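Q: Please take a close look at one part of this structure, the nonpolar patch on its surface. Which residues make the patch, and which helices supply them?

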Amino acid sequence: MVNEHRRSVVLQERMETLFKKAEELSVLCDVEIGIIVFSPDKKNAVYEWPSRDKFKQLLMRYLDKPLVERLKKLTTNEMFLMKEMDAKMKIIEQQKTEEKEMEQLFSQLYLGEKTVFDLDKRQLIGVRNLAIKAKEKAVKRRIQLKLQDQRLSSPIDRIPLRVAPFNVQDQRIQLPVEDPLALRLAPLNVQDQRLQLPVDDPLALRLAPPEN
């Protein structure tokens with residue numbers, strides 16, 4: 001926030017919310033909580049909760065304990081995030097294992113190796129959820145194929161072209177007279193097809209159509 005006044009107001013509001021939550025946690029869990037906030041905007045601005053004297057007492061009692069005891073339940077932000085990540089990874093692995101189990105049970109039911117009466121409540125719920133997911137995938141795939149068919153069957157935009165028929169008597173590409181490569185193109189069914197060059201050109205060439 002660029003506005004210093006606005007930044008100070010937001011800091012005050014957030015601190016009040018933080019202190020309120022700390023008080024609720026202290027009452028609900030019967031624990032002692034101390035909070036200290038350093039403000040970067042104001043020089044030597046420090047905020048203690050619940051009060052400066054109580055915070056100092058709590059801090060001194062904590063520092064008087066041996067280092068080993070202090071580190072027993074110490075949790076940093078990185079340690080907390082790692083624990084949360086490990087817990088989520090375990091949940092994902094359990095879900096993958098359970099999904100493989102349900103796929104195997106579903107296959108056994110399909111092949112007639114087992115019946116629904118051989119499954120417990122957890123397995124029945126898992127197989128049902130797997131069947132619902134398979135149905136949703138099939139519906140999505142059917143919609144995709146239908147859209148592809150519609151795109152393939154839709155008319156292709158054509159660029160209007162002007163094409164001369166093959167049975168015309170004369171079809172020419174006219175170049176300037178002074179161009180030595182003046183070219184005359186005739187259809188394939190005409191009797192004479194020439195590449196005409198100026199008479200004084202030593203490379204003057206006459207091409208006749210092949211005899212039938």
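A: The answer below begins with the whole protein and then turns to the patch.

The model is predicted. The secondary structure of the protein consists of five helices and two strands, and from the N terminus on these elements follow the order α-β-β-α-α-α-α. The protein has 212 residues, of which 11% count as buried. Among contacts with a separation of 6 or more, 17% join residues that are 24 or more positions apart. The protein exposes about 19,600 Å², and carbon and sulfur atoms supply 58% of that area.

On this surface, a nonpolar patch covers about 640 Å². Its residues are Leu59, Met60, Tyr62, Leu63, Leu67, Leu71 and Leu74. Two helices each supply at least two residues of the patch: helix 2, which spans 52-63, and helix 3, which spans 67-72. Helix 2 provides the largest share, with four residues.

One of the patch residues may serve as an example. Leucine 63 belongs to the patch and lies in helix 2. Is this residue buried, partly exposed or exposed? Leucine 63 counts as partly exposed because its relative accessibility is 41%, and the partly exposed class lies between the limit for buried, under 20%, and the limit for exposed, over 50%.

In summary, the patch is made by residues including Leu63, and its largest share comes from helix 2.

Key
Residues numbered from 1 in each chain as written. Predicted model: local features only at pLDDT ≥ 70, side-chain atom pairs only at ≥ 80, totals over all residues. Heavy atoms only, no water. Buried < 20%, exposed > 50% of the residue type's maximum accessible area, 1.4 Å probe, protein only. Contact = heavy atoms within 4.5 Å. Areas by Shrake-Rupley, 256 points an atom, 1.4 Å probe, with all protein chains shown as cover. Patch = residues over 30% accessible without salt bridge, like charges linked within 9 Å, V, L, I, M, F, W, Y side chains within 5 Å. Salt bridge = Lys/Arg side-chain N within 4 Å of Asp/Glu carboxyl O.
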